[in-house]
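Colleague: I'm new to this one. Can you walk me through it?

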Amino acid sequence: MTQKEYRAAIDAVRLSEDFQERTVRRLEQQVRKEPPAMKKTRTLLFAACLAAVLIGSVAAAVHMLTPGEVAAFHGDETLSAAFAGEDAVVLDQTAACGEYTFRLAGMVSGAGLSDFCPDAVSDRSYLVVSRARTDGTPLQEATITDYTVTPLVAGYLPWEVNIWTLGGSASAFLRDGVVYYIYEFDSVEMFADHTVYLAVYEGGSAPSAEVLTPAEDGSISYNPDFTAPHAIFEVPLDASKADPAAVDAFMSQFAE
């Protein structure tokens, strides 16, 4: 059996809702039946078995797709291969945002990285993000417009550098109660010598002063008066990939 076939077989296993409760009860009953001299040893074994049950249950519940798997499920084998390459940035950051937990999984940038735009010559960034209910309740549909997910760059106004001005787009699909997103936009590696953020907030509005506040030192945070659920990540990039000339060309559109 190949690794792929093994994973498919494991993913197909569905435990009953009371599996964990019944297993723990059975283990408890077994310990009570042992002679006193054996109980100490059996109690230790019971604790180990219980830990294994709990860890196994949690691992099954929180198994998340890798960025490469997300791209493959989306039908983009070229992008999937790019996420397996040395230029991909593994992020694996999570943050609570309202009733959800968002996971910033990974990003890769370059030209011609997608089957959907094989002839693209300009560099694009592809970002994989997931959303799940923090309480574990499965999501039922893959929505995009109820939350905004956008890159921002320290030292630049949020309403000038964001997913809209960077020509962004998004796609999403639902798997095992988790929504996976692929965001695509002009490569943010040109800003790699600055702090690059990923802002997540409720609502589908573009960044504005009512939502985000740039500080004098260039850092960006949420407006204290913005009360909707929100979170912000920092995206680590290789500063050597910065392209000041590309930044100047991009920012020229905002010159008066």
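Modeller: We'll go through the core, the sheet and the aromatic rings; keep in mind that this is a predicted model.

Colleague: How many residues has the largest nonpolar core?

Modeller: It has 35 residues. Leu-127 and Phe-191 have the most contacts inside it. Several elements each supply at least two residues, including strand 3 (124-133), strand 7 (196-202) and helix 6 (244-251).

Colleague: What does Phe-191 touch, leaving out residues up to four places away in sequence?

Modeller: Val-153, Tyr-156, Val-161, Val-196, Val-247 and Phe-250. Ring pairs also link Phe-191 with Tyr-156, Phe-250 and Phe-254 into a cluster.

Colleague: Now the sheet. In what order do the strands of the open sheet run?

Modeller: The order is 1-2-3-6-5, with antiparallel pairing. Strand 1 and strand 5 (169-175) are the edges, each pairing on one side only. Strand 3 and strand 6 pair over 8 bridges. Ser-125 stands opposite Phe-185 in strand 6.

Colleague: How many aromatic pairs are there in the whole structure?

Modeller: A search finds 11. In one of them, the rings of Phe-73 and Phe-173 have centres 6.1 Å apart and planes at 40°, so the pair is tilted. Phe-73 is in helix 4 and Phe-173 in strand 5, 100 residues apart.

Colleague: Is Phe-73 buried or partly exposed?

Modeller: Partly exposed, at 46% relative accessibility. Phe-173 counts as buried, at 17%.

Colleague: And why is the pair of Tyr-201 and Phe-226 edge-to-face?

Modeller: Because the planes of the two rings are at 90°; the centres are 5.9 Å apart. Tyr-201 is buried, with a relative accessible area of 0%. Phe-226 also counts as buried, at 15% relative accessibility.

Methods: Residues are numbered from 1 along each chain as its sequence is written. This is a predicted model: local features need pLDDT of at least 70, side-chain atom pairs count only at pLDDT 80 or more; totals for chains, interfaces and linings use all residues. Side-chain values use heavy atoms; hydrogens and water are left out. A nonpolar core is a set of buried Ala, Val, Leu, Ile, Met, Phe, Trp, Tyr and Cys residues joined through side-chain atoms within 4.5 Å. Buried means under 20% relative accessible area, exposed over 50%, partly exposed in between (1.4 Å probe, protein chains only). Helices (H or I, at least four residues) and strands (E, at least two) are DSSP runs, numbered from the N terminus. Contact means heavy atoms within 4.5 Å. Two strands pair if DSSP finds at least two bridges between them. Rings of Phe, Tyr and Trp (its six-membered ring) pair if their centres lie within 6.5 Å; planes under 30 degrees apart count as stacked, over 60 as edge-to-face and the rest as tilted.
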